[in-house]
Amino acid sequence: MTTTPDRTAPEPTVLDLGLPDPVRDPDLPARVRIHEVGARDGLQNEGTLVPVDVKAEFIARLAAAGLRTVEATSFVHPKWVPQLADAEELMPRLADLPGRHPGLRLPVLVPNERGLDRALAHHAGEVAVFASATETFARRNLNRSADEAMAMFRPVVERATAAGVPVRGYLSMCFGDPWEGPVPIAQVVRHGLALLEMGCAELSLGDTIGVATPGQVKALLDEFTRTGVPIDRIAVHFHDTYGQALSNTLAALRSGVTVVDASAGGLGGCPYAKSATGNLATEDLVWMLHGLGIETGVDLAALAETSGWMARQLGRPSPSRTVRALLGPTA
Ligand code: HMG
Ligand code: MG
């Protein structure tokens, strides 16, 4: 007797079927911590203001999808980044999240002491300063030279650390600059060491305009290691302008990096570097990491749903290949 297939039954998704099929590579870390930047780096470049309740829901959904470091916003000058001018309104809306998701970290960006005061007044548990490896970007992004910016960060790092608030140090334009071209490794290392020496717990190396390639990533990480920086203090932050972000991430993992920045749905860019497009999409990263048998704690289906929801809020499809593959091309 033949049975008629039940055409009304929902088709299993690739994730239900156990894809990607995990194959461990013993040379790669067993676990990676994803530093989710979608609500900050992802949204800061959006021209249309996103309502604060949508931002709060985005962050809550990211936490519910298993992300445990979710950068929430920036306490920068509101005129410089109008999209994040609602930081004070957003923070109270996030207050109950760490109780609901033990271990959740919600870092915020602060450029100066004024930013730190605002962040501490809203009980930020972790902050980040953001330096530049090049002069032109320092002036455009921070209105001062690279060294003057470092001097601005020093009291921020000291005061935050004294208050028990760990500080991440971002360094932008580590692999190329839209005005200056190639950036010498020695220049990147000098500024990176300055951030670590002033007390930043972690250094995130930014490919702000997405021009890096894997050999360059390895060479830069080798140089930091050679100068004695433990690899567990370094994170990588790739934008995907030229489609290299995943390859660059794999190179970084091979060098021992275990903290990778990414943005849900591939949102992002930098308002002060027009050639920067979206960050590495968190879903594309998670697909690769799970395929390599690397633990992330992230529920990929829930994360992709979140990015699909956010794409609908923004009124355009997600740039993430994985989100579109999982949810359909209009997601
Ligand atoms: P400035 O104009 O030189 O500031 O901007 P100032 O120190 O001369 O102060 C001028 C006025 O601004 C004063 O007010 C200050 O109180 C006020 P007045 O006395 O005239 O009434 N002010 C502030 N108000 C609120 N919050 C503050 C603040 N600071 C000063 N924090 C500044 C200097 C750094 C403030 C400005 O350049 C700025 O806000 N820049 C932020 C740019 C930014 O957020 N860029 C995007 C983030 S970086 C990024 O995306 C890269 C990354 O993803 C990694 C990668 O991809 O490479 C991290
Ligand atoms: Mg960035």
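**View 1. Polar contacts between the protein and ligand 1.** In this predicted model, a polar side-chain atom of D41 lies 3.0 Å from an oxygen atom of ligand 1. The side chain of N141 places an N or O atom 2.8 Å from a nitrogen atom of ligand 1, and the side chain of T208 has an N or O atom 2.5 Å from an oxygen atom of the ligand. Taken alone, ligand 1 exposes 1100 Å², of which the protein buries 76%. There are 26 residues around the ligand, and those that come nearest are Q44, N112, N141, S172 and T208.

**View 2. The open sheet and its edge strands.** The sheet is built from 9 strands with parallel pairing, and its order reads β2-β1-β9-β8-β7-β6-β5-β4-β3. Strands β2 (69-70) and β3 (73-74) stand at the edges, and because each has a single partner strand, one side of each is left without a neighbour in the sheet. In general, the strands of a sheet pair through backbone hydrogen bonds, in either a parallel or an antiparallel manner.

**View 3. The pairing of β7 with β8.** Strand β7, which spans residues 202-207, pairs with β8 in the parallel sense over 5 bridges. Within this pairing, G206 stands opposite H237, a residue of β8. Strand β8 (residues 234-238) is also where confidence in the protein is highest, at 99, whereas confidence is lowest in helix α13 (residues 321-327), at a mean of 95. For the protein as a whole, the mean pLDDT is 95, and 98% of the residues reach 70 or more.

**View 4. Two helices lying across the sheet strands.** Helix α8 (residues 185-197) lies across β5 (127-132), β6 (167-172) and β7, and runs at about 165 degrees to β6. Helix α10 (residues 245-254) lies across β7, β8 and β9 (259-262), running at about 170 degrees to β8. Strand β7 is thus crossed by α8 and also by α10.

**View 5. Backbone geometry at P20 and H123.** The peptide bond that leads from L19 to P20 is cis, with omega near 0 degrees, and P20 is found in the segment before β1 (33-36). H123, which lies in the loop between α5 (113-121) and β5, has a positive phi of about 60 degrees although it is not a glycine. As background, most peptide bonds are trans, and most residues other than glycine have a negative phi.

Conventions
Residues numbered from 1 in each chain as written. Chains lettered and ligands numbered in written order. Predicted model: local features only at pLDDT ≥ 70, side-chain atom pairs only at ≥ 80, totals over all residues. Heavy atoms only, no water. pLDDT = per-residue confidence, 0-100. Helix = DSSP H or I, 4+ residues; strand = E, 2+ residues; numbered from the N terminus. Pairing = 2+ DSSP bridges. Contact = heavy atoms within 4.5 Å. Axes fitted to C-alpha atoms, helices over the stretch in contact; angles between N-to-C directions. Near = heavy atom within 4 Å. Polar contact = N/O pair within 3.5 Å; in protein donor to acceptor, adjacent residues only side chain to side chain. Areas by Shrake-Rupley, 256 points an atom, 1.4 Å probe, with all protein chains shown as cover.
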